[in-house]
Amino acid sequence: ADNDANNPNNWSHGHVPTGTDVAKFDDAVSSANCNFSGNISCGGINVTSGYSGDIAMVTHDLTTTGDMTFDGTGNFNCGTGNLDCSGHFDNKDQDTWTRGGSTVIMRGSGKNIIATSANILKKLIISNNTTLDATTVTRLFSQSLTVDVGVTFTCNQRVDMNDAVEINGIVSLPLGDMFFIENGTLSVAGTLTSTGLLKISGTDV
């Protein structure tokens with residue numbers, strides 16, 4: 001065995017996770033570092049709280065039909081890959097999150113994003129109805145945001161962006177929280193609704 005996520009000998013079932021398999025990183029088995037040498041498509045990913053190894057996607061993509069949960073004490077390095085998630089996305093308890101040049105794509109309808117102001121996303125694409133969770137999130141930081149046509153992104157906490165924001169669907173801030181774009185651009189072909197404060201490049205709108 002080695003540190004390659006694409007080597008079937010490194011997985012307990014003798015094959016790289018696929019289909020409905022959940023790729024589980026658990027210190028009860030090993031906390032060895034892990035590097036992607038290719039794309040992986042599977043049922044989900046679960047980096048448990050006891051896992052202390054570093055995971056590097058490098059230039060490769062991770063696609064899941066279910067949840068992405070990151071709770072490890074090591075570094076999850078997204079590299080320049082895509083995290084294409086059809087379930088819930090939760091990186092709030094990952095000790096170190098290196099966003100690199102990655103893109104998080106939310107495809108599952110009615111799913112939640114649970115993140116923190118520390119674990120910043122690089123690019124975020126909302127491709128199906130998604131909610132920014134209000135119970136644990138203090139703020140969502142992302143360099144850019146795209147909301148696709150026919151899609152609603154409900155934000156129950158403050159959202160901060162510092163690059164391009166493209167709203168082709170609906171962005172709703174029902175709790176009146178701030179939508180803040182610093183040194184970026186805002187393109188609205190859809191709808192942006194907020195009872196609170198909207199700032200673009202530090203200027204109230």
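A residue counts as buried when its relative accessible area is under 20%. Keep that cut-off handy as you click through this predicted model.

**Stop 1: Phe25 and Trp11**

Select phenylalanine 25. Its relative accessibility is 8%, so Phe25 falls under the 20% limit and is buried. Add tryptophan 11, which is buried too, at 16% relative accessibility. Now look at how the rings meet. There are seven aromatic pairs in the model. In the one formed by Trp11 and Phe25, the ring centres lie 5.6 Å apart and the planes stand at 75°, so this pair is edge-to-face. Trp11 sits in the segment before strand E1 (22-25) and Phe25 in strand E1, so the contact ties together parts that are 14 residues apart in sequence.

**Stop 2: Phe70 and Phe89**

Next, select phenylalanine 70 and phenylalanine 89. Their ring centres are 5.7 Å apart with the planes at 55°, so this pair is tilted. Distant parts of the chain are linked here: Phe70 belongs to strand E7 (residues 68-70) and Phe89 to strand E10 (residues 89-90), 19 residues apart. Phe70 is buried, at 0% relative accessible area, and Phe89 is buried with a relative accessibility of 0%. Extend the selection to Phe76 and Trp97, and you will see a cluster of Phe70, Phe76, Phe89 and Trp97 linked by ring pairs.

**Stop 3: the largest pocket**

Return to Trp11 and show the surface around it. Which residues lie nearest the centre of the largest pocket? They are Asn10, Trp11, Ser12, Lys24 and Val29, out of 23 lining residues. The space in this pocket is about 520 Å³. Colour the lining by class and you should find 11 nonpolar, seven polar and five charged residues. Strand E1 gives the largest share of the lining, with four residues.

**Stop 4: a charge over a ring**

Move on to arginine 158 and phenylalanine 180. Arg158 lies over the face of the Phe180 ring, 5.5 Å from the ring centre.

**Stop 5: two backbone angles**

Finish with the backbone. Most residues other than glycine have a negative phi. Valine 58 has a positive phi, near 60°. You will find Val58 in the loop between strand E5 (55-56) and strand E6 (62-64), partly exposed at 40% relative accessible area. Then select asparagine 183, another non-glycine residue with a positive phi, about 55°. Asn183 is in the loop between strand E21 (179-181) and strand E22 (185-188). Is Asn183 buried or exposed? At 64% relative accessibility, Asn183 counts as exposed.

Methods. Residues are numbered from 1 along each chain as its sequence is written. This is a predicted model: local features need pLDDT of at least 70, side-chain atom pairs count only at pLDDT 80 or more; totals for chains, interfaces and linings use all residues. Side-chain values use heavy atoms; hydrogens and water are left out. Rings of Phe, Tyr and Trp (its six-membered ring) pair if their centres lie within 6.5 Å; planes under 30 degrees apart count as stacked, over 60 as edge-to-face and the rest as tilted. Helices (H or I, at least four residues) and strands (E, at least two) are DSSP runs, numbered from the N terminus. Buried means under 20% relative accessible area, exposed over 50%, partly exposed in between (1.4 Å probe, protein chains only). A charge sits over a ring if NZ of Lys or CZ of Arg is within 6 Å of the ring centre and within 35 degrees of the ring normal. On a 1 Å grid over the protein atoms alone, a cavity is a set of points where a 1.4 Å probe fits but cannot get out, and a pocket is an open set with protein on both sides within 12 Å along at least five of seven lines; lining residues have an atom within 4 Å of a point. Grid points are joined across faces, edges and corners, and a volume is the space filled by probe spheres set on the points. Ala, Val, Leu, Ile, Met, Phe, Trp, Tyr, Cys and Pro count as nonpolar, Asp, Glu, Lys and Arg as charged, and the others, Gly among them, as polar.
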